[in-house]
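Please open the model in the viewer and keep the selection tool at hand. The tour proceeds from the whole chain to a single residue.

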Amino acid sequence: MQVSERSIIWFNRILRWVLGGFFIAMGIIYAGEGAWPIIFIGAVLIGTSFLRPRRCLDDECSI
């Protein structure tokens, strides 16, 4: 069963949006305790979700 390239990209994006949102929400909840790094990590995850993943989308899937 072959998974299309588009579904892999969307899965990657949705996963990064969910994780980024989770990290930002946790950073906002615990903001009084100096949680700015977790907010930054969440923002980076959301920002990088718009980049196209390269590994395993071509014919080769090597690490």
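The stops below describe a predicted model.

**The whole chain.** Begin with the entire chain selected and coloured by secondary structure. The chain holds two helices and zero strands. Of its 63 residues, 17% are buried. The accessible surface comes to about 5300 Å², and carbon and sulfur atoms contribute 66% of that area. Among contacts with a separation of 6 or more, 56% join residues 24 or more positions apart.

**Helix H1.** Next, select residues 5-29, which form helix H1. How far apart are the end C-alpha atoms of this helix? They are 36 Å apart, in agreement with the expected span, because 25 residues at 1.5 Å a residue should span 36 Å. Within H1, now highlight Ile9, Asn12, Arg13, Gly20 and Gly27; these residues are buried. The cover over the buried residues of H1 includes helix H2.

**Helix H2.** Move on to residues 36-48, the extent of helix H2. Select Gly42, which lies in this helix. Is Gly42 buried or exposed? Its relative accessibility is 0%, so Gly42 counts as buried, the cut-off being under 20%.

**Around Gly42.** Finally, display the surroundings of Gly42. Which residues does Gly42 contact, leaving aside its neighbours within four places in sequence? They are Gly20, Phe23 and Ile24. Of these contacts, Gly20 has already appeared among the buried residues of H1. To finish, draw a C-alpha to C-alpha distance from Gly42 to Ile24: the two residues are 18 residues apart in sequence and 5.2 Å apart in space.

Key
Residues are numbered from 1 along each chain as its sequence is written. This is a predicted model: local features need pLDDT of at least 70, side-chain atom pairs count only at pLDDT 80 or more; totals for chains, interfaces and linings use all residues. Side-chain values use heavy atoms; hydrogens and water are left out. Helices (H or I, at least four residues) and strands (E, at least two) are DSSP runs, numbered from the N terminus. The expected span of a helix is 1.5 Å times one less than its number of residues. Buried means under 20% relative accessible area, exposed over 50%, partly exposed in between (1.4 Å probe, protein chains only). Contact means heavy atoms within 4.5 Å. Accessible areas come from the Shrake-Rupley method with a 1.4 Å probe; for residues, only the protein chains shown count as cover.
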